[in-house]
Amino acid sequence: MEATFNPFSLEGKTILVTGASSGIGRETAIACSRMGAAVAITARDEGRLQETAQQLATPPAAMVTADLTDDDQVKQLLAALPPLNGAVLCAGNSTTLPIQFGTREKFDEMFDVNFFAPVELMRLLFKKKLLQKGASVVLLASIGGTHSFMPGNGVYGASKAALNSVMRYAAREFSPRRIRVNSICPGMVDTPLIHRGTITEEQLAEDAKKYPLGRYGRPDDIANGAIYLLSDASSWLTGHDLVIDGGFSI
Amino acid sequence: MNIEEFIENFASQLDETAPEEITAETRFKELDEWSSLTALSIIAMVDDEYDVIIKGNDILKSDTIQDLFAVVEKKRR
């Protein structure tokens, strides 16, 4: 018998995590390193990215401060990356805005960050063959893209729905290289993103009661899902949107 | 910015309450139709019309439209 049976190990894999300076991205980077992966991290905020680096189980395989909506900075990131066995694209933003205020400008701002940036990065990682054969790509979508989970999330939700659509096509097209592409659709997760004050703390507490499992998600709830999708445990899973939402969408 | 115009902008976010019923002294959260979506619309309207970002708490702490007007005016400076 093997000493330890662990199909979720990331030992020997190199994983890129974007949005690694905060919330789900930071937690995912730390969790991957604790599962044995060498982790490359990127985000816009250098100071907070450094803090993540210090919390990794092993020093980062690469650490690049970059705004992924900027082509030149994406180029610099790609130049610094080692060959990858996985990528978790967490960088994103949200806005709470009723549809009647959702101008083209507001949609563009949201789509630049939540859709065009991760899609462009995934495209280049594949095209430049930075993603090795058998690699796993995980996109952070949202139940906002599959359900209308809260008023005011139409602009945000549309960007995540679009991301899920590209995920499925990429899964099909990348399969000859045995590269898998999946997404995670979290419900509301307690990260700095949801505490910006448009929605009051009282309203958030009230909303959390709508979740059958009794609370909002924690970043580690999502990081654990990413570990599954990155590991060999999910070798036969591609083109899937994994809903992790405490039962909200049942 | 003046209060009359603010009241008008505020009233246009409402569907059930006649604009003439809305005054500076209206305790807006006591309106039957008040909801979290109305609050989001007010926040978006203030951003649009006055280029001021108010938060959910600003609405929570304001009782009357005059109160909210004062918050927006203060943040605008």
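The questions and answers below go through a predicted model with chains A and B.

Reader: What ipTM does the predictor give the complex?
Author: Since this is a predicted model, the predictor's own scores are a fitting place to begin. For chain B the mean pLDDT is 94, and 100% of its residues reach 70 or more. For the complex the predictor gives a pTM of 0.94 and an ipTM of 0.86.

Reader: Which helix supplies the largest share of the side of chain B that touches chain A?
Author: The contact between the chains involves 11 residues of chain B and 11 residues of chain A. On chain B, helix H2 (36-50) and helix H3 (56-61) each supply at least two residues of the side that touches chain A. The largest share of that side, seven residues, comes from H2(B).

Reader: How many residues of the side of chain B that touches chain A are nonpolar, polar and charged?
Author: The side in question belongs to a contact in which 11 residues of chain B meet 11 residues of chain A. Sorted by class, the residues on the side of chain B comprise two charged, four polar and five nonpolar.

Reader: Which helices of chain B do the buried residues of H2(B) pack against?
Author: H2(B) has 15 residues, and the distance from its first C-alpha to its last is 21 Å, close to the 21 Å expected at 1.5 Å a residue. Its buried residues are Thr38(B), Ala39(B), Leu40(B), Ser41(B), Ile42(B), Ile43(B), Ala44(B) and Val46(B). These buried residues pack against helix H1 (3-11), H3 and H4 of chain B.

Reader: How far apart in space are Asp63(B) and Asp51(B)?
Author: Asp51(B) follows H2(B) and has a positive phi, near 60°, while Asp63(B) lies in the loop between H3 and helix H4 (65-76) of chain B. Asp63(B) counts as partly exposed because it has 14 C-beta neighbours inside 10 Å. The two residues are 12 residues apart in sequence, and from C-alpha to C-alpha their separation in space is 22 Å.

Reader: Is strand E1 (residues 14-18) of chain A enclosed or open to the outside?
Author: On one side of E1(A), Thr14(A), Leu16(A) and Thr18(A) are buried, and on the other side Ile15(A) and Val17(A) are buried as well. In a regular strand the side chains alternate between the two faces of the sheet. Because five of the five residues of E1(A) are buried, the strand is, with respect to the rest of the structure, largely enclosed.

Reader: Which residues stand opposite Thr18(A) in E2(A) and E4(A)?
Author: E1(A) pairs in the parallel sense with strand E2 (residues 38-43) of chain A over five bridges, and the chain passes from E1(A) to E2(A) through helix H1 (residues 23-34) of chain A in a right-handed β-α-β crossover. E1(A) also runs parallel to strand E4 (residues 84-89) of chain A, to which four bridges join it. In E2(A) the residue opposite Thr18(A) is Thr42(A), and in E4(A) it is Leu89(A).

Reader: What distance separates the end C-alpha atoms of helix H5 (residues 154-174) of chain A?
Author: The buried residues of H5(A) include Gly154(A), Leu163(A), Met167(A) and Ala170(A), and what covers the buried residues includes helix H4 (104-127), strand E5 (131-140) and strand E6 (180-186) of chain A. At 1.5 Å a residue, the 21 residues of H5(A) should span 30 Å, and this agrees with the distance between the end C-alpha atoms, which is 30 Å.

Reader: Is Asn182(A) buried or exposed?
Author: Asn182(A) lies in strand E6 of chain A. Leaving out residues up to four places away in sequence, Asn182(A) touches residues including Val138(A), Met167(A), Leu229(A) and His240(A). Because 25 other C-beta atoms lie within 10 Å, and 20 or more are needed, Asn182(A) is buried.

Reader: Does Lys129(A) count as buried or exposed?
Author: Lys129(A) is found in the loop between H4 and E5 of chain A, and its phi is near 55°, a positive value in a residue other than glycine. Because there are 12 C-beta neighbours inside 10 Å, Lys129(A) counts as exposed.

Notes: Residues are numbered from 1 along each chain as its sequence is written. Chains are lettered from A and ligands numbered from 1 in the order in which they are written. This is a predicted model: local features need pLDDT of at least 70, side-chain atom pairs count only at pLDDT 80 or more; totals for chains, interfaces and linings use all residues. Two residues are in contact if their C-beta atoms, placed from the backbone, lie within 7 Å. Ala, Val, Leu, Ile, Met, Phe, Trp, Tyr, Cys and Pro count as nonpolar, Asp, Glu, Lys and Arg as charged, and the others, Gly among them, as polar. The expected span of a helix is 1.5 Å times one less than its number of residues. pLDDT is the predictor's confidence in each residue, from 0 to 100. Two strands pair if DSSP finds at least two bridges between them. A crossover is right-handed if, with the strands pointing away from the viewer, the path from the first strand over the helix to the second runs clockwise.
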